[in-house]
Amino acid sequence: FNGYDKWHFILLFILNIITTKKKVLAIESDTKFKKRRDLQGFIKKLYLTLIFTNRYILGFPGGNYTHKELFRNYGMKEENIFLMPMMVNNEKFFLKGKVKKDKPFTFLFVGRLIPRKHTEFLIRSFLGNFKNNKDIRLKIVGGGELFEPLKSKFGHHENIEFTGPKYGSDLVKEYHSSNVLVIPSDREPWGLVVNEAMAAGLPVIASDQVGAIFDLILGQETGMVFSLEKENDLADKMKKIYEDRPLYKRLGNNAQKLMKEYWNYNLYRSSLQKAVNRAKQLLRK
C-alpha cells in the first residue's frame, strides 16, 4: 500500500487481526520522519504504533535514512523494514553517445511552479551572481500557478528562460543540454527529478529539505546541499560549481556512475526479494 491512511488498508488491517488466516501487508512510504509535539502528532503516534508493531506489517521506505526512521520511531522491528528505493527508469535518461551541451553553462530547474518549490528564491540567487552574464543561463522547465507571475517578473532577463512543461523525450533533451540541476524546495519527501538528472550525468544542488539528498548526494560526491536558512548558501554553491570545472565534472561523473552501478532496478529487485522471503517466513510461523 502506498500510505497507511487509506481506507482499504485500514479495513484489511482490521480483518487481518480478527482472522486466523493471516496476510502480510506492506506499507510503501516516501515520508521523512519528523517529530511533532502537538495533539495531531500524539494521535499519529498512537495510530502508527498500533500498526507498525504488528508482526504482519512490513515497511517499505523509499530511502535508507530518515525514511526508515519513520518506521523505526513508531516501533517497527528492523527485520520488517526493507528499502524499496525511490526509482525512475535510469536508462531513459542515460547519455547515448556524446551529446553536445548548449554553449551557455545552464542551471536547470524542473518541477511545478508552486510556492513550496521556492523557484523565485532560485531565480534571485542566480541573478545575484550571474545577472546579464550571457555565458550562463537559468532554464525553468515546468508549469503551475506561479508560471505567469514569475515569467512576467523575471522573463525580461536575457539569460533566464521559461519553457513551460516538458515531457518524454523533450524533457530528456533538457537534461542532456543542461549542466546542473537545482532543486530548492522547502518541503520535498523525495524529489525524483534528482534521480533523472543524475542518470543524465548532471550534478545536483539541492536544499536540505529534499528527501533524496540522504541517499543520493550526501557522502556520494554527486552534488551539493545548501541550507535554506543561510541567505547566500545557494548562490555561493552555484558560483562554486560554475567556477570549479574539475569539481563540476567529477560530481557529474559520480552522479551517473551511482545510478548505473547502484541506485537502479537491480537494487529494487534484490530489496523486494528480501521482503518476499520475510513474508514467507512470517506466514510459516
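**Entry 1: the nonpolar patch**

I began on the surface. Trp7, Leu11, Leu12, Leu15, Ile17 and Ile18 make a nonpolar patch of about 640 Å². I am working from a predicted model throughout.

I picked one member of the patch, Ile18, and looked up its place. Ile18 is found in helix α1, which covers residues 7–18. Is Ile18 buried or exposed? Its relative accessible area is 63%, so I noted it as exposed, the cut-off for that class being over 50%.

**Entry 2: the largest pocket**

Next I went to the largest pocket. I noted about 440 Å³ of space in it. Its lining has 15 residues. Which of them lie nearest the centre? I listed Thr31, Lys32, Lys34, Lys44 and Arg187.

I then asked which elements give two or more residues to this lining. They are α2 (39–52) and α3 (66–73). Helix α2 gives the largest share, three residues.

I also sorted the lining by class. Seven residues are charged, four are polar and four are nonpolar.

**Entry 3: salt bridges**

How many salt bridges does the structure hold? I have 14 on record. I looked at three pairs and one network.

The first pair is Glu188 with Lys117. Their side chains meet at 2.9 Å, N to O. The two residues are 71 apart along the chain, and the pair links distant parts of it. Glu188 sits in the loop between β6 (180–183) and α8 (192–199). Lys117 sits in the loop between β3 (105–110) and α5. I checked both for exposure. Glu188 has a relative accessible area of 8% and is therefore buried. Lys117 has 10%, so I entered it as buried too. The limit for buried is under 20%.

The second pair is Arg137 with Glu161. The closest N and O atoms are 3.6 Å apart. Arg137 is in strand β4 and Glu161 is in strand β5, with their positions 24 residues apart in the chain. Which side of this pair is buried, and which is partly exposed? Arg137 is at 15% relative accessibility and counts as buried. Glu161 is at 31% and counts as partly exposed.

The third pair is Glu174 with Lys139. I read 2.9 Å between the closest N and O atoms. Glu174 belongs to helix α7 (residues 168–176), and Lys139 to strand β4. The pair is 35 residues apart and again links distant parts of the chain. Both Glu174 and Lys139 are buried.

The network came last. Glu69, Arg72 and Glu78 are linked in it by salt bridges.

**Entry 4: positive phi**

I turned to the backbone. Most residues other than glycine have a negative phi. I wrote down two residues with a positive value.

Asn132 has a phi near 65°. Where is Asn132 placed? I found it in the loop between α5 (119–130) and β4 (136–141). Its relative accessible area is 63%, so Asn132 is exposed.

Glu221 is not a glycine either, and its phi is about 55°. Glu221 lies in the loop between α9 (213–216) and β8 (223–226). At 41% relative accessibility, I entered Glu221 as partly exposed. That class covers values between the 20% and 50% limits.

**Entry 5: two pairs of C-alpha atoms**

I closed with two residues and their partners in space.

Leu251 is in helix α11, residues 245–261. Is Leu251 buried or exposed? It has 2% relative accessibility, so it counts as buried. I then took the distance from Leu251 to Met198. Their C-alpha atoms are separated by 9.4 Å, while the two positions lie 53 residues apart along the chain.

Thr163 is in strand β5, residues 160–164. I noted a relative accessible area of 21%, so Thr163 is partly exposed. The boundary with buried is 20%. For Thr163 and Gly143, I read 8.5 Å from C-alpha to C-alpha. In sequence, Thr163 and Gly143 are 20 residues apart.

Conventions:
Residues are numbered from 1 along each chain as its sequence is written. This is a predicted model: local features need pLDDT of at least 70, side-chain atom pairs count only at pLDDT 80 or more; totals for chains, interfaces and linings use all residues. Side-chain values use heavy atoms; hydrogens and water are left out. On a 1 Å grid over the protein atoms alone, a cavity is a set of points where a 1.4 Å probe fits but cannot get out, and a pocket is an open set with protein on both sides within 12 Å along at least five of seven lines; lining residues have an atom within 4 Å of a point. Grid points are joined across faces, edges and corners, and a volume is the space filled by probe spheres set on the points. Helices (H or I, at least four residues) and strands (E, at least two) are DSSP runs, numbered from the N terminus. Ala, Val, Leu, Ile, Met, Phe, Trp, Tyr, Cys and Pro count as nonpolar, Asp, Glu, Lys and Arg as charged, and the others, Gly among them, as polar. Patches are made of residues with over 30% relative accessible area and no salt bridge: like charges are joined within 9 Å, nonpolar side chains (Val, Leu, Ile, Met, Phe, Trp, Tyr) within 5 Å. Accessible areas come from the Shrake-Rupley method with a 1.4 Å probe; for residues, only the protein chains shown count as cover. A salt bridge is a side-chain nitrogen of Lys or Arg within 4 Å of a carboxyl oxygen of Asp or Glu. Buried means under 20% relative accessible area, exposed over 50%, partly exposed in between (1.4 Å probe, protein chains only).
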